Amino acid sequence: MIRSITLPNVYEGFKFYLLSDWSKMMSGKTWMIALSQMFFSLSVLSTTMVVYGSYLKESDDIPLSAIATAFGDTAVAVTAGFLIFPAVFSFGVKPSAGSGLVFVALPMIFQKMPGRGTLWDVVLPLVDIRWIVLNSFNARSLC
């Protein structure tokens, strides 16, 4: 995220992301796009929720877990907006590309990071391996 907000033309991305055009709020198309994004966003982790849900204890509060999931999903989406939209405007990509913007903007951000080809080619796979190992240990501890 730090690299994304240090790119040129970042102000235009923040302006697009944070200043809404309220006249479009009454459009049915806007609501359909928002609903499809919500269902896509929540469905990405649906399998994970089913797996972890199978390990719930009788004393766990399911409504509270559902609320935490919704707020967590929203927090990730808002953070992703602060990462993606500055990069979109910096690289001249059209923001109307929809949910595919993340797959366009992230490779561009990684290409512009200092130390590309050396440091990040080593660090990012190590972080991935560490994440996989930690998750496998966490999953084993649940059994």
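A search of the whole structure, which is a predicted model, finds 5 aromatic pairs, where rings of Phe, Tyr and Trp (its six-membered ring) pair if their centres lie within 6.5 Å, and planes under 30 degrees apart count as stacked, over 60 as edge-to-face and the rest as tilted. A pair of aromatic rings is described by the distance of the centres and the angle of the planes. One of these pairs is formed by Phe14 and Phe82, and it is tilted, with 5.8 Å from centre to centre and 55° between the planes. Since helices here are DSSP runs of H or I with at least four residues, strands are runs of E with at least two, and both are numbered from the N terminus, the two partners can be placed: Phe14 lies in helix H2 (residues 10-18) and Phe82 in helix H5 (residues 62-91), so the pair ties together parts that are 68 residues apart in sequence.

How far are these rings covered by the rest of the protein? Buried means under 20% relative accessible area, exposed means over 50%, and partly exposed lies in between, with a 1.4 Å probe and protein chains only. Phe14 is partly exposed at a relative accessible area of 23%, and Phe82 is also partly exposed, at 26%. A further pair joins Phe16 and Phe85, whose ring centres are 5.4 Å apart and whose planes stand at 45°, so this pair is tilted. Phe16 lies in helix H2 and Phe85 in helix H5, so here the pair ties together parts that are 69 residues apart in sequence. Phe16 is partly exposed, at 42% relative accessibility, whereas Phe85 is buried, with a relative accessible area of 17%. Ring pairs link Phe14, Phe16, Tyr17, Phe82, Phe85 and Phe89 into a cluster.

Helix H2 also holds a charged pair. Side chains of opposite charge can pair when their charged atoms come close. Where a salt bridge is a side-chain nitrogen of Lys or Arg within 4 Å of a carboxyl oxygen of Asp or Glu, the count comes to 1 salt bridge. Lys15 forms a salt bridge with Glu12, and their closest N and O atoms are 3.7 Å apart. The two residues are 3 apart in helix H2, which means that about one helical turn separates Lys15 and Glu12. Lys15 is partly exposed at 34% relative accessibility, and Glu12 is partly exposed with a relative accessible area of 29%.

Just before this helix in the chain, Asn9 has its place in the loop between helix H1 (2-5) and H2, and Asn9 is partly exposed, with a relative accessible area of 43%. Taking contact to mean heavy atoms within 4.5 Å, Asn9 touches Phe89 and Ser90, not counting residues up to four places away in sequence. The C-alpha atoms of Asn9 and Gly92 are separated by 9.4 Å, although these residues are 83 apart along the chain.

On the other flank of H2, Trp22 lies in the loop between H2 and helix H3 (28-44), and Trp22 is exposed, with a relative accessible area of 61%. Together with Met25, Met26 and Trp31, Trp22 makes a nonpolar surface patch of about 560 Å². Such patches are made of residues with over 30% relative accessible area and no salt bridge, like charges being joined within 9 Å and nonpolar side chains (Val, Leu, Ile, Met, Phe, Trp, Tyr) within 5 Å.

Helix H6 (residues 101-111) can be read by its sides, and in this helix Leu101, Ala105 and Ile109 are buried. These residues cover an arc of only 45° around the axis, which puts them on the same side of H6; the arc is that of the directions from the helix axis to the C-beta atoms. Phe103 and Gln111 are exposed on the other side of H6.

For the protein as a whole, there are 7 helices and 0 strands. Of its 143 residues, 12% count as buried. Among contacts between residues at least 6 apart in sequence, 57% join residues at least 24 apart. The protein exposes about 11,000 Å², of which carbon and sulfur atoms supply 71%, with accessible areas coming from the Shrake-Rupley method with a 1.4 Å probe and, for residues, only the protein chains shown counting as cover.

Residues are numbered from 1 along each chain as its sequence is written, and side-chain values use heavy atoms, with hydrogens and water left out. In this predicted model, local features need pLDDT of at least 70 and side-chain atom pairs count only at pLDDT 80 or more, while totals for chains, interfaces and linings use all residues.
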